[in-house]
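Please take me through this structure stop by stop, telling me what to select in the viewer and what I should find there.

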Amino acid sequence: MANIRQLDKRRKSVKNIRKITRTMELISTGRFKKAMDRASAATDYTKRITAIVQDLAKSGTEVSHPLLVQHDKIDSIDMLVLTANRGLCGGYNGSVVRAAIARRAEIKQQIESGEISVSGKRGISAMRYAGIPIEKSYTEFDDKPSFSAVARIADDLIERYITGKVDRVDVAYTRFVSSSKQVAIVETLLPFSSLELPTASTPTASTPGSVEASSDGASGNKEDYEFLPSASAILEEVVPASFRARLFKCFLDAAVSEQIARMVAMKSATENAGDIIKSLSRRYNRARQSKITQEIMEIIGGVEALG
Amino acid sequence: MSTNDKVHCVVVTPEKTELDTTCDMLVLPLFDGELAIQPGRAPMVGRLGFGMMRVRDGSTVTEWFVDGGFVQVTRQGVNVLTDRLLKAEQIDRKEAEEDLNRAMLIKASSPESLALKERSVTQAQAKIRLAK
């Protein structure tokens, strides 16, 4: 008898869990769409900045900036790890932390110094558990990372790099490839290399993105620009600006990927709950049926004994 | 379109496209002073400073705080790339003052750090000046 009641109780609780996971799935679907919109809205800036860089390069400016220079001797490597504040998102946090720890072990073989900064409560506790000292931790980045907060981190890194306190900066995050593929990777952000510049001698060696920018942008119809104050002074500003945009993109990617990971995890949790309910119901019905049969048998037995 | 009698002006921040409008005249804070752009301005790329951007359309003037960046004037229009575009009332004076204090404490021992310090100081000062 107790078994039946237990089964029923379990079935009820699984039903409740299914309700919760389904709601979480819906919430993260909504958040994913918003995060996705934000991420695509941010590409406009990158596109335009690439167009300016293209125009600068066309004017024959020598491209040099302290952020682009690789330091001769690498003594210190900083790492920034981007994780989520919340769990229940499958392997999302785990894979980023794993990638970060693996890279750290690699670095530690050669170099001792370097700060590790972590964003997201999950990453912070995972790093603490792994016994890795954390220099700075951020928990303010959720599904809507704000540029000003990211810019602060970026400026901090720029300052440390330019003043020579750090010689390389890595960032571990989940890159958004497509809505069905996100990969946890560790990328080197500084020295800054993702500023794609077609050199004066090889103007064809431009990225697909920049080709697009120049064909739909204004630079397609060769304009003679006036540079204020000068092309090189503008470049000095363009490099940090695109670095900030690059770091911001990492945060946006991480936010989008987190929502997708949670969506997928909650979807499978809901499905799994459905399966459990099905098997519990079957067991419950079977137990109930056998109980009824047994009772009938008992009654019949009693009648026969009387008769 | 700057070829017509209006200036097509687009302001983008790393977060989103903040402003996409046409106006009669656009006044921007450049690194060394103000620059007004009227229809038919020759193409240019300029470095922005920190300060007030004014968009004049007819008799209405809208004012924004521009947080550095660049302006690119093409035959098609004006692209303004800035870190942040704020209304004057959105500026947090207290935060700006804190920024200024922090910027003042930067040790300027090399040309790079000196440039960094100057930049941070002017940025904070411009903000404080415009904050309401």
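Select F147(A), V150(A), A151(A), A154(A), L157(A), I158(A), Y161(A) and I162(A) in helix α4(A), and you have residues of this helix that are buried. Looked at down the axis, they cover an arc of only 125°, which puts them on the same side of α4(A). The model is a predicted one, and that should be kept in mind at every stop. As background to such a one-sided pattern, an α-helix has 3.6 residues a turn, so residues three or four places apart point the same way.

Now show the whole of α4, residues 147-162 of chain A, which has 16 residues and reaches 21 Å from its first C-alpha to its last, close to the 22 Å expected at 1.5 Å a residue. To see what the buried residues of α4(A) pack against, add β1 (77-82), β4 (168-178), β5 (181-190) and α6 (231-306) of chain A, and then α2 (111-130) of chain B, which also belongs to that set. Just after the helix, select G164(A), which takes a positive phi of about 80°.

From here, move to the two strands β4(A) and β5(A), which pair in the antiparallel sense over nine bridges. If you select A172(A), you will find it opposite V186(A) in β5(A), and the turn to look for next is the hairpin that joins β4(A) to β5(A) through two residues.

Go on into the loop between β5 and α5 (208-216) of chain A, where P191(A) lies. The peptide bond from L190(A) to P191(A) is cis, with omega near 0°. A second bond of this kind is found by selecting L228(A) and P229(A), which are joined by a cis peptide bond with omega of about -5°; P229(A) has its place in the loop between β6 and α6 of chain A. For context, most residues other than glycine have a negative phi, and most peptide bonds are trans.

Keep L228(A) selected and add chain B: the bridge partner of L228(A) in β5(B) is G46(B). This pair is a good way into the pairing of strand β6 (residues 226-228) of chain A with β5(B), which runs in the parallel sense over three bridges.

Which elements of chain B each supply at least two residues of the side that touches chain A? The contact as a whole takes 28 residues from chain B and 31 residues from chain A, and on the chain B side the elements to colour are β5, β6, β7 (78-81) and α2. The largest share of that side, four residues, comes from β5(B). Coloured by residue class, the side of chain B that touches chain A divides into eleven nonpolar, ten polar and seven charged residues.

Stay with chain B and colour it by its domain assignment, which gives domain 1 (7-86) and domain 2 (91-130). The C-alpha centres of domain 1 of chain B and domain 2 of chain B lie 23 Å apart, and six residues of domain 1 are in contact with six residues of domain 2. On the side of domain 1 of chain B that touches domain 2 of chain B, the elements that give two or more residues are β5 (44-57) and β6 (60-73) of chain B, with β5(B) giving the most, three residues. The residues of this side of domain 1 divide into four nonpolar, two polar and no charged.

Return to chain A and select L88(A), which has its place in the loop between β1 and α2 (92-108) of chain A. Phi of L88(A) is near 55°, a positive value in a residue other than glycine. Is L88(A) buried, exposed or partly exposed? L88(A) counts as partly exposed, because there are 16 C-beta neighbours inside 10 Å.

For contrast in setting, select N3(A), whose place is in helix α1 (residues 2-58) of chain A. N3(A) counts as exposed because it has 12 C-beta neighbours inside 10 Å. A distance drawn between the C-alpha atoms of N3(A) and A100(A), 97 residues apart along the chain, should read 48 Å.

Finally, display chain A as a cartoon: it has six helices and six strands, which follow the pattern α-β-α-β-α-β-α-β-β-α-β-α when read along the sequence. Buried residues make up 36% of the 307 residues in chain A, and, among its contacts between residues at least 6 apart in sequence, 79% join residues at least 24 apart.

Terms used:
Residues are numbered from 1 along each chain as its sequence is written. Chains are lettered from A and ligands numbered from 1 in the order in which they are written. This is a predicted model: local features need pLDDT of at least 70, side-chain atom pairs count only at pLDDT 80 or more; totals for chains, interfaces and linings use all residues. The expected span of a helix is 1.5 Å times one less than its number of residues. A residue is buried if 20 or more other C-beta atoms lie within 10 Å of its own, exposed if 12 or fewer, and partly exposed in between; C-beta atoms are placed from the backbone. The arc is that of the directions from the helix axis to the C-beta atoms. Two residues are in contact if their C-beta atoms, placed from the backbone, lie within 7 Å. Domain bounds come from an automatic or database domain assignment. Ala, Val, Leu, Ile, Met, Phe, Trp, Tyr, Cys and Pro count as nonpolar, Asp, Glu, Lys and Arg as charged, and the others, Gly among them, as polar. Two strands pair if DSSP finds at least two bridges between them.
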